[in-house]
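User: Please take a close look at one part of this model. I would like the cysteines covered, and then one tyrosine with its surroundings.

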Amino acid sequence: MVGTLLPETVGRSSTETIGEIPAKRRIDFQQTIPRSLVHRAAVSEVFVTDLNILAPGRFELGAQWPRRHGFFGPRTPSSHDPLLYAETCRQAGMLVAHRAYGIPLGYNFLSDHKEYEVDEEGLATESRPVDVVLQISAHDARYRGKNIGGMRFEFDVFRDGKHIGTSSERWRCVSSAVYRRLRGEHFAATPFQVRVLPTVEPAEVGRNHTQDVLVAATSEKGVWALQFDPDHAVLFDHTVDHVPGMVMVEAARQAALLTVGDPHALPLRAEIEFHAYVEFEAECRVVATELDPAEDDCRLVRVEFEQYGKTAVTTTLAMRLS
């Protein structure tokens with residue numbers, strides 16, 4: 001994930017590649033969509049179930065949250081993980097990009113900016129899986145030649161007919177050949193290059209297992225070193241040549257938990273800006289700064305990821321204390 005714009009991008013309408021629109025039908029939650037359409041290797045990591053094309057640039061999707069998930073929680077006995085919500089939106093956007101706009105499966109997606117907001121009540125757990133409906137609108141399409149090179153998706157998410165949250169993502173995509181040139185000497189990088197560091201205690205960040213902890217203590221107050229298990233079944237579900245965005249978001253959450261001193265606080269809002277790839281070969285500093293509280297009394301924490309002396313990722317999280 002990187003924020004550097006590629007050349008040859010020209011704005012056009014995001015509706016130009018939409019063909020005949022089928023009649024609207026009821027959203028189906030019976031099975032998940034093919035895993036390749038959301039860039040997942042494991043079927044168990046797919047949450048999106050269906051897609052309706054409503055109009056040019058407008059879509060409706062179904063998704064199901066499991067009662068429990070090995071990584072995404074629930075984070076408290078009564079609440080699903082807000083990052084499960086964020087991952088659901090990511091998968092929904094991937095599906096729309098491939099199915100509605102014809103982006104080939106071999107293309108690489110680059111996220112520049114994403115944000116989400118979710119109501120705490122909308123995350124409530126039940127004794128069964130939760131069905132959610134996502135409405136997506138597409139904006140600001142950019143093209144490379146005749147092919148779509150990126151756009152912005154806006155999400156509205158509903159549970160039992162009630163609006164529970166919003167999300168937004170600005171992304172680009174490139175062919176495998178362009179991606180290879182873009183990555184250069186890092187194209188064949190693997191997570192096994194990372195230096196192994198002792199993480200903080202899992203309980204400090206609301207976790208039960210060391211492999212789920214992504215921050216290691218340093219001698220500086222409010223600063224941690226990014227650390228991860230390259231064999232992690234969810235975070236490294238498929239082959240990657242740089243640190244995945246999901247790792248950055250989860251590490252930001254853990255740094256924020258340590259900053260507010262509450263291992264069960266919920267990040268109900270988050271904004272993430274990707275400026276550069278985070279590479280495996282060099283240490284990445286995770287720097288957290290608490291800001292003034294939000295009007296709703298959420299604790300605001302800015303978390304920056306620094307590598308090679310520069311800021312690679314900037315995040316701001318609004319933490320609701322437990």
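Analyst: Cys 298 is buried, because its relative accessibility is 0% and the cut-off for buried is under 20%. This is a predicted model, and the values here are computed from it. The closest cysteine sulfur to that of Cys 298 belongs to Cys 89. The two sulfurs are 18 Å apart, too far for a bond. A disulfide needs the sulfurs within 2.5 Å, so this pair does not qualify.

The structure as a whole holds zero disulfides. Cys 173 is likewise in no disulfide. Its nearest cysteine sulfur is also that of Cys 89, 19 Å away. Cys 173 counts as buried, with a relative accessibility of 2%.

Now the tyrosine. Tyr 116 sits in strand E4, which spans residues 108-118. Tyr 116 is buried too, because its relative accessibility is 6%, under the 20% cut-off.

What does Tyr 116 contact beyond its neighbours within four places in sequence? One set of partners is Pro 82, Leu 83, Tyr 85 and Ala 86. Thr 166 and Ser 167 are also in contact with Tyr 116. Pro 267, Leu 268, Arg 269 and Ala 270 complete the list.

Two of these partners can be described further. Tyr 85 is 31 residues from Tyr 116 in sequence. In space, their C-alpha atoms are 8.6 Å apart. Pro 267 offers its backbone oxygen: that atom lies 2.6 Å from a polar atom of the Tyr 116 side chain. Thus the side chain of Tyr 116 is buried in a residue at 6% relative accessibility, with a polar atom 2.6 Å from the backbone oxygen of Pro 267.

Definitions and conventions. Residues numbered from 1 in each chain as written. Predicted model: local features only at pLDDT ≥ 70, side-chain atom pairs only at ≥ 80, totals over all residues. Heavy atoms only, no water. Buried < 20%, exposed > 50% of the residue type's maximum accessible area, 1.4 Å probe, protein only. Helix = DSSP H or I, 4+ residues; strand = E, 2+ residues; numbered from the N terminus. Contact = heavy atoms within 4.5 Å. Polar contact = N/O pair within 3.5 Å; in protein donor to acceptor, adjacent residues only side chain to side chain.
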